[in-house]
Amino acid sequence: MRPKILFLSLPLLAAFGYFINSSYQGTPGPHGGIVKSAENHNIEIKTMYPFIYSYLLDKKNKPIKNEGISCEIRFLLPDDTSIDVQLKPYREDGFIMESGSMVYNSMRVTFNVFGKSVSEVFENESAIVKKVK
């Protein structure tokens, strides 16, 4: 009887684990980053040491060209201060910055889209892991 219950509960546990993992990480974007909804757009962030990439997407996760758009990140530091950094255009649809070994809790990514601001906060996943340890 117990093997049957265990066998039947494994798919449920796997689905639950997948749901928890995907909700923690966010939806994967077209560039392999984490996507969050921000007003009438989506914002994708991808961190690959030592770079941070950001992309403005439409609601269907299609990249929007970066021409005429700017992007800034406000890093919220552990000592309750912040640092603002203007990102440089990257290829035709992204923005990039070199983060080096900056230690931060979260970052607010803000796009200026033809005079309108679109922003969202992203947690620093490596900072969360360090706090748990």
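**Salt bridges and strands in a predicted model**

Student: Ser 54 lies in a strand, but which one?
Tutor: This is a predicted model, where local features need pLDDT of at least 70, side-chain atom pairs count only at pLDDT 80 or more, and totals for chains, interfaces and linings use all residues. Residues are numbered from 1 along each chain as its sequence is written, and side-chain values use heavy atoms, with hydrogens and water left out. Strands are DSSP runs (E, at least two residues; helices are H or I, at least four), numbered from the N terminus. On that numbering, the strand holding Ser 54 is β4.

Student: Is Ser 54 buried or exposed?
Tutor: The scale is relative accessible area with a 1.4 Å probe, protein chains only: buried is under 20%, exposed is over 50%, and partly exposed is in between. Ser 54 comes out at 0%, so the label is buried.

Student: Which residues does Ser 54 touch, leaving out those up to four places away in sequence?
Tutor: A contact here means heavy atoms within 4.5 Å. For Ser 54 the list is Glu 44, Ile 45, Cys 71, Leu 87, Gly 94, Phe 95, Val 109 and Phe 111.

Student: And what about Ser 70: how far is its C-alpha from that of Thr 110?
Tutor: Ser 70 sits in strand β5 and is partly exposed at 29% relative accessibility. Beyond its neighbours within four places in sequence, Ser 70 contacts Gln 86, Phe 95, Thr 110, Phe 111 and Asn 112. Ser 70 and Thr 110 are 40 residues apart in sequence, and their C-alpha atoms are separated by 8.3 Å.

Student: What is the strand order in the open sheet of 4 strands?
Tutor: Strands count as paired if DSSP finds at least two bridges between them. The pairing in this sheet is antiparallel. β6 and β10 each pair on one side only, so to speak the edge strands by definition. The full order is β6-β5-β9-β10.

Student: What is the average twist from one strand to the next in that sheet?
Tutor: Axes are lines fitted to C-alpha atoms (for helices, over the stretch in contact), and angles between N-to-C directions run from 0 to 180 degrees. From one strand to the next, the twist averages 20°.

Student: Which residue in β6 stands opposite Phe 75?
Tutor: β5 and β6 run antiparallel, joined by 5 bridges. Opposite Phe 75, in β6, you'll find Ile 83.

Student: How far apart are N and O in the salt bridge of Arg 74 and Asp 84?
Tutor: A salt bridge needs a side-chain nitrogen of Lys or Arg within 4 Å of a carboxyl oxygen of Asp or Glu. Arg 74 is partly exposed at 38%, and Asp 84 is partly exposed at 39%. Their N to O distance is 2.6 Å.

Student: How many residues apart in sequence are the parts that Lys 65 and Glu 92 tie together?
Tutor: Both Lys 65 and Glu 92 are exposed, and their closest N and O atoms are 3.7 Å apart. Lys 65 is in the loop between β4 (51-57) and β5 (69-76), while Glu 92 is in the loop between β7 (88-90) and β8 (94-98), so the separation in sequence is 27 residues.

Student: Which residue meets Glu 39 in a salt bridge?
Tutor: Glu 39 is partly exposed at 45%, and the N to O distance to its partner is 3.4 Å. The pair joins the loop between β2 (34-38) and β3 (41-48) to strand β10 (residues 116-123), so it ties together parts 77 residues apart in sequence. The partner is Lys 116.
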